[in-house]
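Work through the exercises below with the model open. Try each task before reading its solution.

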Amino acid sequence: VSTRSIRPSAYRCSACDQFYALEEPIWRCPRCAGPLELDPPGQLAPDDIDWQESGIWRYAAALPFVESEHRLSLGESGTPLVPSLWHGQPVWFKHEFLQPTGSYKDRGAALLMSLLQSLGVEECIEDSSGNAAAAISAYAARARIRCRIFAPAHASPGKLAQTRAHGAALVAVSGTRDQVAKAAIAAAADGGRYAGHNWHPLFLAGVATLGPELVFGAVGGVPDTIIAPVGYGNLLLGIWEGLSWLRRAGALPVLPRLVAVQTEAFPAVVRAWEAGTVEPVPVETGATVAEGVECALPIRGAAIMNALRETSGTALAVSEHEIAVALRELVAQGIYVEPTSAVALAGLSRLITAGELDPAGRHILILTGSGQKAAAAIEATLGQPQCPMPARVSGRSCG
Ligand SMILES: [Zn+2]
């Protein structure tokens, strides 16, 4: 099979198949409100990865064309794959929390803001639980695009401070994550370019750069399993798209198994997986410390189910207690990430206990977001320190 790269050049509606030019100021199908995809689907021949390039632009051969003067990069992508042990099982952690603004979302923000800048967009509107707000506001600042961000009032203060620091106008919305998204979309209807990362296919294409990095990373071959936390599913779908770039180019005969881990508080994908349905439906929701996976119903639900089926993957939901236990175990290994990252770890613990991972296999878990901007949530999740002061100072023993 001869491999070749293909870059997308248009939007296509995933619901009604209508095509639109990339220059159109749209974020979903104007005709039927369906989510957009890029067309033709991207393909990436491994030889076309340009390791000399900065950031996501190494994978430019599979991305929509952006002139070099509009290619923004803060050095995103290329994060370490760190060999680790989890409950005795060798695994690799992909340190996506080491991205420029502290989460994998920088990959998507880099591409989305580059294209908007190349089209002369001067202002955009976004909604986020925090990490995407930080990413979009940073790359918007780099692009000199004014930015208005709608975020839940309860989002981590560190993420909101980061967003304000980059000059974004922050609108705190009391209510659920879905109400935040509705408020942003309503504001965009009054004028302003909606660049919501959960809707925009360019954001997803940026995240897709993670796919080839997992395949050509230092794990000694194609990974057997890739485990990711899932709320709206951008991370899982981005990885799936990146793997599909290689598969379409004939460069990936066997697909890694994708595992979606949700919290029991927001389990729409898991319930659909258990029921064997084509698309998630609304389910009862609760409260979670994992703000990054707070999503009642994903926008691209059918695509998530398809990615799990096509890779013989699975989906599982973990409890708040399991998340806290996993976070405690991870920080004890010297790794400081936000509670949302611990959702996937709790899922990993479950898979190991159930004997569902080949002990000799290559398994990768994505650590999505930095702990630096969620310190209060982490302390609350971990509970009070066992011994706040050295014993000889406080007169107490940690025994
Ligand atoms: Zn449509």
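## Exercise 1: Helix H8

In this predicted model, the buried residues of H8 pack against strand E11 (257–263), helix H9 (301–310) and strand E12 (314–318).

Task: find which residues of helix H8 (residues 268–275) are buried, and what follows the helix.

Solution.
- Step 1. Apply the cut-off: buried means under 20% relative accessible area.
- Step 2. List the residues of H8 that pass: Ala268, Val269, Val270 and Ala272.
- Step 3. Recall that an α-helix has 3.6 residues a turn, so residues three or four places apart point the same way.
- Step 4. Move past the end of the helix. Glycine 276 follows H8, and its phi is positive, near 70°.

## Exercise 2: A salt bridge between two helices

Task: take the salt bridge of arginine 107 and glutamate 213, and state which helices it links.

Solution.
- Step 1. Check the distance. The two side chains meet at 2.9 Å, N to O. A salt bridge requires a separation within 4 Å, so the pair qualifies.
- Step 2. Place the partners. Arginine 107 sits in helix H1 (residues 105–118), and glutamate 213 in helix H6 (residues 210–215). They are 106 residues apart, so the pair links distant parts of the chain.
- Step 3. Judge the burial. Arginine 107 has 0% relative accessibility and therefore counts as buried. Glutamate 213 has a relative accessible area of 6%, so this residue is buried too.

## Exercise 3: Other salt bridges

Task: describe the salt bridges of arginine 12 and arginine 248, with the exposure of each partner.

Solution.
- Step 1. Start with arginine 12. Its partner is aspartate 17, with the closest N and O atoms 2.4 Å apart.
- Step 2. Classify both. Arginine 12 counts as buried because its relative accessibility is 18%. Aspartate 17, at 47%, counts as partly exposed.
- Step 3. Widen the view. A network of salt bridges links Arg12, Asp17, Glu37 and Asp39.
- Step 4. Turn to arginine 248. It meets glutamate 241 in a salt bridge of 3.2 Å, N to O.
- Step 5. Classify this pair. Arginine 248 is partly exposed at 30%, and glutamate 241 is partly exposed at 22%.
- Step 6. Set these in context: the structure holds 14 salt bridges.

## Exercise 4: The surroundings of valine 82

Task: locate valine 82 and decide whether it is buried, partly exposed or exposed.

Solution.
- Step 1. Valine 82 lies in strand E4 (residues 81–86).
- Step 2. Its relative accessible area is 26%, so valine 82 is partly exposed.
- Step 3. Leave out residues up to four places away in sequence. Valine 82 then touches Val91, Trp92, Phe93 and His95.
- Step 4. Look further along the chain. Valine 219 is 137 residues away from valine 82, yet their C-alpha atoms are separated by 9.0 Å.

## Exercise 5: The whole chain

Task: decide how compact the chain is for its length.

Solution.
- Step 1. Take stock: the chain has 13 helices and 13 strands.
- Step 2. Compare radii. The radius of gyration is 20 Å, close to the 21 Å of the globule rule for 399 residues, so the chain is as compact as a globular protein of that length.
- Step 3. Add the extents. The C-alpha trace spans about 70 × 50 × 45 Å along its principal axes.
- Step 4. Add the burial. Of the 399 residues, 57% are buried.
- Step 5. Consider the contacts with a separation of 6 or more. Residues 24 or more positions apart account for 71% of them.

Definitions and conventions. Residues numbered from 1 in each chain as written. Predicted model: local features only at pLDDT ≥ 70, side-chain atom pairs only at ≥ 80, totals over all residues. Heavy atoms only, no water. Buried < 20%, exposed > 50% of the residue type's maximum accessible area, 1.4 Å probe, protein only. Helix = DSSP H or I, 4+ residues; strand = E, 2+ residues; numbered from the N terminus. Rg over C-alpha atoms; globule rule 2.2 N^0.38 Å. Contact = heavy atoms within 4.5 Å.
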